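Here are a few short exercises to work through with the model open beside you. Try each task before reading its solution.

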Amino acid sequence: MKALRELRKAAHNGLGQAMIEFAVTIPIVLLLFFGLIDFGRAAYTAAVVQWAAQEGARVGTITLDQTEVQAAAQGRLAGLRAEDADVLLTLPDATTVTVQVSYQFEFVTPMIAQIAGDGMLMQGTASMIMQPALMGTGS
């Protein structure tokens, strides 16, 4: 009986209304907050993948060894699972090395993960001119 009186009193002084407004708005605020964190992680991942491609291309200008290029690129994937990255070394012409790094980014916010499905494929590509010793000019 006493609890019922206090509940009626709370409804009249606005406390009940504030609790309902809080209960309605907090999921939206949390979704926005964690969604912002997720998209920040996605931007970071895109930058790191591009950085790894540039490092792989730099090493590729010195040596054309796929394993060394892959190790250099994966070594630059700070904060990511390097073993999940795909590194591809190609030679589009006789003087250029191109390295492409692909990484599957996964969202952790449940609602965004449902919308995005399997996440987003982040790709970074970098091309650099090979060192003269590798091009066969000898100088």
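**Exercise 1.** Classify Arg58 by its relative accessible area, then do likewise for its salt-bridge partner Glu55.

*Solution.* Step 1: take the classes, where buried means under 20% relative accessible area, exposed over 50%, and partly exposed in between (1.4 Å probe, protein chains only). Step 2: Arg58 has a relative accessible area of 39%, so this residue is partly exposed. Step 3: Glu55 comes out at 13%, so Glu55 is buried.

Before going on, note that this is a predicted model, in which local features need pLDDT of at least 70 and side-chain atom pairs count only at pLDDT 80 or more, while totals for chains, interfaces and linings use all residues. Residues are numbered from 1 along each chain as its sequence is written, and side-chain values use heavy atoms, with hydrogens and water left out.

**Exercise 2.** Find how far apart the closest N and O atoms of Glu55 and Arg58 are, and place the pair in helix α2.

*Solution.* Step 1: recall that a salt bridge is a side-chain nitrogen of Lys or Arg within 4 Å of a carboxyl oxygen of Asp or Glu. Step 2: the closest N and O atoms of Glu55 and Arg58 are 2.8 Å apart. Step 3: the two residues sit 3 residues apart in helix α2, which means about one helical turn separates them. Helices (H or I, at least four residues) and strands (E, at least two) are DSSP runs, numbered from the N terminus.

**Exercise 3.** How many salt bridges does a search of the whole structure find? Describe the one between Arg81 and Asp84.

*Solution.* Step 1: the search gives 4 salt bridges. Step 2: Arg81 and Asp84 meet through their side chains at 2.5 Å, N to O. Step 3: Arg81, at 41% relative accessibility, is partly exposed, and Asp84, at 38%, is partly exposed. Step 4: shared salt-bridge partners join Glu55, Arg58 and Arg76 into one network.

**Exercise 4.** Is Asp38 buried or exposed, and how does Arg41 pair with Asp38?

*Solution.* Step 1: Asp38 has 0% relative accessibility, so Asp38 is buried. Step 2: Arg41, at 33%, is partly exposed. Step 3: these residues form a salt bridge, with the closest N and O atoms 2.7 Å apart. Step 4: both belong to helix α2, 3 residues apart, about one turn of the helix.
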